[in-house]
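Thanks for coming. I will put the structure up and then go through a few parts of it in turn.

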Amino acid sequence: MVCDSPLIQNPIKPDVPKICNHVQCQALYKQRLDMSPALYKQHFQRQQQYIIQKKFAEIEKQKHIERVKHAEFDENEIIKKWAEDRLSSRNGRSIKVTQIPTGLEALKPLEAERINEYLQHVQSVIERACEVEDISELLDDQLLATHQSLLLQDARINSNPMLEAEVEKLCGLCRGGCCAAGGNHAYIHAVTVRRLMDGLSVNAGELLDFYQQHLPQFSIVGSCINQTPTGCSLPRQYRSDVCNLYLCEELEEHLAWKESDQAHSEINLVVQRGNTNWNRFEAVEKNPVTCAYLENDEGELMQLAPEILLMPDQPD
Ligand code: SF4
Ligand code: SF4
């Protein structure tokens, strides 16, 4: 009734108008109760056009995402075939592809503007943390769920050195493709600092000094203020739950594979592409392959010959 979605009449309530479940369509339909019919008619026409355009844009975006995924998948298959043909001994094992992003690289001395913005952010979350009697006053359902997930994930990874090694290996190759969205806030939250104040008995001034002193001299351009070429400048305890919990989709899938029986009958091929974790679908067609690695019998990743990067579309 509002947008162009195909609608089915509810046979139990034939007198109820047909409206799709889209939240904006539902909201627009309800607004008729708050306006005169003439005003609502105008408002409806304007909003209907906006909703239809927005839905069209969403559909097109989804199609583009699928196109990029397919193009990259097809290219990964070519690289996989290339590797299979050259691998002298696979002992009957097949190859499984793990695609990972790449962290940004360009380095620059930290500008005063970025430092000020970051310190203002840290100062404001410290002030918020000091306002409450107890940390529970800062926690909402989402923050609690994130912390709970972090505890479970830490228990899972810390109890399995193989998973820990895989995280180190792949995140080490990627060099923080997910840190590219950390900006000048680094996800530091009032809960992060309140936990430190309660657990380490540090006061507000000491904490602010700590965060200031741990700012790197040179930081990665366009990424989190704390990201350096060797990783995060903050000790893990001082990072937010978001930072400590986050594993990109590809790494999540890889760890699940590593825990499965399939890992015994497959060899891991890592295809690294030039996108960060956040801009993959900005590519017009696909993101360029920057490196490819094949796992050897010792579990080490061996870089494949660079010619694979030059002619992946036409394997010999
Ligand atoms: S979690 Fe993913 S995006 Fe982040 S550093 Fe590791 S491999 Fe890169
Ligand atoms: S604080 Fe550290 S882990 Fe978090 S986004 Fe910044 S560099 Fe990455």
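Just past the end of helix H6, Ser201 has a positive phi, about 50°. Please keep in mind that this is a predicted model, so the angle is a computed one.

Staying with H6, which of its residues are buried? They are Ala190, Val191, Thr192, Val193, Arg194, Leu196 and Met197. The cover over these buried residues includes H3, helix H4, which runs 141–158, and H7.

That brings me to the cores. The largest nonpolar core is made up of 26 residues. Those with the most contacts inside it are Tyr118, Ile126, Ile188, Val193, Leu207, Tyr211 and Tyr238. Three elements give two or more residues to this core: helix H3, at 112–131, helix H6, at 190–200, and helix H7, at 204–213. H3 supplies the largest share, 6 residues. Apart from this core there is a second, separate one of 15 residues, and Ile157, Val167, Cys174 and Leu247 are among them.

Let me go back to Tyr118. What does Tyr118 contact, once its neighbours within four places in sequence are left aside? The list is Asn184, His185, Ala186, Ile188, Tyr211, Leu215, Ile225, Asn226 and Leu234.

Now the ligands. Ligand 1 sits in the largest pocket, and ligand 2 sits in the largest pocket as well.

Around ligand 1 we find Pro101, Cys171, Cys174, Gly176, Gly177, Cys178, Leu247, Cys248, Leu251 and Asn277. Sorted by class, this shell holds 7 nonpolar residues, 3 polar ones and no charged ones. Cys174 and Leu247 have come up already, as members of the second core.

Around ligand 2 the residues are Cys179, Ala186, Tyr187, Cys224, Asn226, Gln227, Cys232, Arg239 and Cys243. How does the shell of ligand 2 divide by class? It has 6 nonpolar, 2 polar and 1 charged. Two names here, Ala186 and Asn226, also appear around ligand 2 and among the contacts of Tyr118.

One last stop, at Lys80. This residue belongs to helix H2, residues 37–86. Not counting residues up to four places away in sequence, Lys80 touches Ile95, Val97 and Leu269. Where is Leu294 relative to Lys80? Along the chain they are 214 residues apart, while their C-alpha atoms are separated by 9.6 Å.

That is the end of my part.

Technical notes
Residues numbered from 1 in each chain as written. Chains lettered and ligands numbered in written order. Predicted model: local features only at pLDDT ≥ 70, side-chain atom pairs only at ≥ 80, totals over all residues. Heavy atoms only, no water. Core = buried A, V, L, I, M, F, W, Y, C linked by side-chain atoms within 4.5 Å. Buried < 20%, exposed > 50% of the residue type's maximum accessible area, 1.4 Å probe, protein only. Helix = DSSP H or I, 4+ residues; strand = E, 2+ residues; numbered from the N terminus. Contact = heavy atoms within 4.5 Å. Near = heavy atom within 4 Å. 1 Å grid on protein atoms, 1.4 Å probe; cavity = no way out; pocket = protein on both sides within 12 Å on 5 of 7 lines; lining within 4 Å. Sits in = over half its atoms within 2 Å of the grid points. Nonpolar A, V, L, I, M, F, W, Y, C, P; charged D, E, K, R; others polar.
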